[in-house]
Amino acid sequence: MSDKPKDPMDAFRDLVGQWERGVNQIANQAMGNEQFSRAMHGLSSAAFSARAGVGEAMEKYLATVNLPSRADIVAIGERLQAIESHLARLTELVALVAGANAPAAANAASKPKRTRQPPQKAGGPS
Amino acid sequence: MNAPAPNVAERLRLEVERAIQRGVKGVEYLGSGAPAVGLTSKDTLAARGTMRLYHYHSQTDDVYRVPVLIVMATTNRGYILDLAPGNSFVEFLLKRGYDVFMLDWTAPSPAEKGLRIEDYVLDFIPECMRRVRQETGEQDVTVVGYCFGGVLSVIYSSLHLDDGPTNLVCFTTPVDFSKMTLFQNWSDQRYFDVDRMVDSFGNVPPEMIFASFEMLRPASRAASQVTLWDNIWNDEFVRSFRLYDRWANDTLPLAGEYFRQTTKELMWGNKLLSHELEIGGRRVDYTKIKAPVLHAVAEHDHIIPYDAARPLIANIGSKDKTEVMLKGGHVSLVAGANAVKRLWPKLDEWMGVRSI
């Protein structure tokens, strides 16, 4: 018999654990059948239709009040993305040129030596 | 000698004390901010769109010759591997003398909805490999992929047999998508109109990704809240709970085309397993990978069942290949007390001798 003192909360914790396992198991069984998939995607489909309708109406409204739509903002985002990519490549090129001109010894000095060996007790590749 | 069992009065006093603490700490909990994560010092080597390449600062005088590039899953933030000092896979590797880089992801912008698997394995990962090689002066690189980061790493390695990773490490990486039974049912081709969803949303919202993970264990969130209340007097427990809770809730959206391609090619077609997956006009055949491979899988992984992950080591072409099944779940395999004592030392032992 264990000498560990009994915690009055233990029974409650066991109960919560059992409840969690039980509900997860039942839910997984329920969600694993074809009917669930059909029902879930039926609801999703309705939501997509509603979303598309609201989106179209909103776009018309924004055009009426002379405000940019989501598509306009996305288009700006795409252009910014392209600029960002160009900048990244330019920065890289500048760094390459600067690296080529910098003394190799100065670069090497700031980095740790790549000479580490594994501990002796470790075996070789199997 | 065994300590005498505390009497009822002592027990009662302890429970009353904890009840009071629950009230006080509960109020503190509600009012406190999110815990800081990803604190290990690093430089951002490259940032382009959704891609981020970090280089962590070395913590030892000398490092292994072969650097390590961690490829994070596209659904979640990389800080799960750098949660907090003392609970950080990255910090562990640095202290063991590895030169660590991480390819992490930010939320793809609406303008990046057209990203495909090709962008990840023929552009982002190769660019990061090039930057790692440039930064270290070494051609050899160990790639470590977590979950779908592992899938991308396997595809990348299959397409770069000559200039790919020197060593490949995968954590909980699915190959046989037909064995992901619940995800299979939820993406049933007869009912799931992936085209309509992607065309409607652009990028797949993080709420949908989060909900699909939560639905795998629908009672666990409620149970975890009860456990939190039970332990809220314990500062260490609360700190750890908040770190993981923050990460679990911090799901990323997925680029629309990437999701469409993953659904059609992998979930429906199971083409990674059958070697019919074509990326950039080239067939992906992971059985041709010859680099040493370690695959760590979790015994109780509810997201990637073992049957989905098993064919990787069974079929891969490498002669030097190891599969380790460790106790734990999808997340506790790589982070937390379980990982500290099981996976991390095992990985260090495997990787150290292959990093010289």
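A disulfide is counted here as a pair of cysteine sulfur atoms within 2.5 Å, and in this model, which is a predicted one, the count by that rule comes to zero over all chains.

Let me take two cysteines of chain B to show how that works out. The sulfur of Cys128(B) has its closest cysteine sulfur in Cys170(B), and because 17 Å separate the two, they are too far apart for a bond. If we then turn to Cys170(B), the closest cysteine sulfur to its own belongs to Cys147(B), at 11 Å, which is again too far for a bond. As for their surroundings, Cys128(B) counts as buried, with 0% relative accessibility, and Cys170(B), also at 0%, counts as buried too.

Staying with chain B, I would like to look at strand β3, residues 68-71, which is covered on both faces, with Val68(B) and Ile70(B) buried on one side and Leu69(B) and Val71(B) buried on the other. This strand runs parallel to β4(B), residues 100-105, and four bridges join the two, with Val68(B) having Val100(B) as its bridge partner in β4(B). Between these two strands the chain passes through helix α2(B), residues 89-95, in a β-α-β crossover that is right-handed. Strand β3(B) is also joined by four bridges to β5(B), residues 142-146, once more in parallel, and there the bridge partner of Leu69(B) is Val143(B).

Finally, a word on chain A, which is divided into domain 1, covering 19-67, and domain 2, covering 68-103; taken over C-alpha atoms, the centres of these two domains of chain A are 37 Å apart.

How values were computed
Residues are numbered from 1 along each chain as its sequence is written. Chains are lettered from A and ligands numbered from 1 in the order in which they are written. This is a predicted model: local features need pLDDT of at least 70, side-chain atom pairs count only at pLDDT 80 or more; totals for chains, interfaces and linings use all residues. Side-chain values use heavy atoms; hydrogens and water are left out. Domain bounds come from an automatic or database domain assignment. Buried means under 20% relative accessible area, exposed over 50%, partly exposed in between (1.4 Å probe, protein chains only). Two strands pair if DSSP finds at least two bridges between them. A crossover is right-handed if, with the strands pointing away from the viewer, the path from the first strand over the helix to the second runs clockwise.
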